[in-house]
Amino acid sequence: MATRPALAYNDAEKGTLDVRSPQIADLARDEKKASDIEVFAVQSLKKDAPVTPSNVAKPPPAPTKPAKKSTPLWVLWVIWYNSYRRFFTVIFIVNFVGLGFAIAGKWPYAAKYPGALVVGNLNVAVLVRNEIFGRCLYWFVNTFFAKWTPLWFRLACTSTLQASLNSKWRFQGADVSLQHLGGIHSGCAISGVAWIILMVVHQFKTKYLFNDSILAFGIITTIMLFITICAGLPWVRNTHHNVFERNHRFFGWTSLCMTWVYTIVTNAYNTADGKFDHVGRYVVQQQAFWFTVGMSVFIVLPWICTRHAKVDIELPSPKVAVLRFERGMQQGLLARISRSAVKEYHAFGIISEGTHAKYHYLICGVQGDFTKSLVNDPPRRIWTRELKFAGVSNTSTLYKRGIRICTGTGLGAALSTCIQSPYWYLIWIGSDQEKTFGPTISGLIHRHVGPERLLLWDSKVRGGRPPTMKILKEVYDSWQAEVVFITSNYVGNFEIQHGCKELGIPAFGTLWDFVSDSPEFYC
């Protein structure tokens, strides 16, 4: 099998790079000239195979707007009922069957240790959202199952690890991490609230056995948990994102404090004599106590890694801000940044030449208040977590060859994979990319992504949208890829993911649980 040798990586340059794209520079000199972007031959995996038109991905001239065709119902169902919803279904059914047995008096454990079932569910809900747990899980899968396992198994691993970042964070150009494990997060959180409601109701039915303070803290804890869940509903995240983030986080922290109080007073109280004489060793020996300790550790650990880091901001155009931080990164990671230490964190895909590099970069499209402030009032320092979390691109090491297709600022999540691996093909669709994103990003592309595995589509020059699925299918066959990773907005992700499903191409895209008011295919 003929493969490209591993690329030699250089340190990232300071400042901006005065590197011009050979494809776009010529067009910029003569915008009126009818010229097509150069399309490069895709190397065949067969040894000494000649490059022929059959194994070259050639995007045709910009066609007229294609007629929309309906997506088969089975495709809609398979994509909708993904691993996220399957995880949620299993967790929900198991817990509510247990609730049924508990209500019927057929499960002695639930009657004896109701607090353990409450905090145990909440503990798992927090664990699967923990960045350290996520990084360990990605490391384990990427280390032990890369390339040698059957393709269906590797695809299942990616599907399981893929997670809904936008269920917790607003993002641009960011792959979402632990996406489908988010189904466990949601299922366990809702189940935990259901169990605490049952516990409090039982205490009120036998309130003559309990101190009033226990009943009061039971109600307060339940209300705090219920508000935390309501703040995380898709409708709230979509229409009032800042309200969601502040309330989901701060009511969540309040819920943790109330859970501590409720756990201690419930276990310290002796119903036999009506006194709080079960203190010290007795409380520490209870299951609920240690579940609460675990939940607290999982919540606090990521915040220990928060730093006020130095940042340099390049503004190549009014539409984009390119942030540069010190330190190189492995591919497939994402960064959370904020102007505040505890409020309104935003996630962006990380671009880096490797762990040896001096810098890593974030592409921030100017859309909301936060990204506009990066342009209007560029900070010298910004809050970020030094421990980066893994996105779906981090599982690219599982595959022998793959395709990374992205639109606009989605390049931020895609580029590192193609820079650090010569076995990934980059398709980038956008408008006037070199002028919009600047020479630093263009330089990184043309220094590290060979022309034989790069396809840039400038919709401004080509006169409109490309025949995306036709191009993707040709590149998929020619490159002999095993999988396609998609980073786009809702419309782009929907079209490409459904098209891949119909063509039988394994593909992973963003798990969208809400739709923007006016989505556009290109960022």
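This tour moves through a predicted model, going from a surface patch to a set of salt bridges.

**The nonpolar patch**

Begin by selecting Phe92, Ile93, Phe96, Val97, Phe101 and Ile190, which together form a nonpolar patch on the surface with about 490 Å² of accessible area. If you then colour helix α3, residues 83-103, you will see the element that gives the most to this patch, with five residues. Valine 97 is a convenient residue to centre on, since it lies in helix α3, and its relative accessibility of 42% is why it counts as partly exposed.

**Glutamate 131 and arginine 336**

Leave the patch now and turn to the charged side chains, for which a search of the whole structure finds 11 salt bridges. Select glutamate 131 and arginine 336, whose side chains meet in a salt bridge with an N to O distance of 2.2 Å. This pair links distant parts of the chain, with glutamate 131 in helix α6 (residues 131-144) and arginine 336 in strand β5 (residues 333-338), 205 residues apart. Glutamate 131 counts as buried because its relative accessibility is 8%, and arginine 336 likewise counts as buried, at 7%. Add Arg385 to the selection, and you have a network of salt bridges in which Glu131, Arg336 and Arg385 are linked.

**Arginine 154 and glutamate 482**

Next, select arginine 154 together with glutamate 482, which form a salt bridge whose closest N and O atoms are 2.9 Å apart. Arginine 154 lies in helix α7 (residues 151-161), while glutamate 482 lies in the loop between α18 (468-479) and β13 (483-487), so the pair ties together parts that are 328 residues apart in sequence. With a relative accessible area of 3%, arginine 154 is buried, and glutamate 482, at 13% relative accessibility, counts as buried too.

**Glutamate 495 and arginine 465**

For the last stop, select glutamate 495 and arginine 465, where a salt bridge joins the two side chains at 2.5 Å, N to O. Here the pair links distant parts of the chain that are 30 residues apart, glutamate 495 being in helix α19 (residues 490-503) and arginine 465 in the loop between α17 (459-462) and α18. Are these two side chains buried or partly exposed? Glutamate 495 has a relative accessible area of 32% and is therefore partly exposed, and arginine 465, at 37% relative accessibility, also counts as partly exposed.

Methods
Residues are numbered from 1 along each chain as its sequence is written. This is a predicted model: local features need pLDDT of at least 70, side-chain atom pairs count only at pLDDT 80 or more; totals for chains, interfaces and linings use all residues. Side-chain values use heavy atoms; hydrogens and water are left out. Patches are made of residues with over 30% relative accessible area and no salt bridge: like charges are joined within 9 Å, nonpolar side chains (Val, Leu, Ile, Met, Phe, Trp, Tyr) within 5 Å. Accessible areas come from the Shrake-Rupley method with a 1.4 Å probe; for residues, only the protein chains shown count as cover. A salt bridge is a side-chain nitrogen of Lys or Arg within 4 Å of a carboxyl oxygen of Asp or Glu. Helices (H or I, at least four residues) and strands (E, at least two) are DSSP runs, numbered from the N terminus. Buried means under 20% relative accessible area, exposed over 50%, partly exposed in between (1.4 Å probe, protein chains only).
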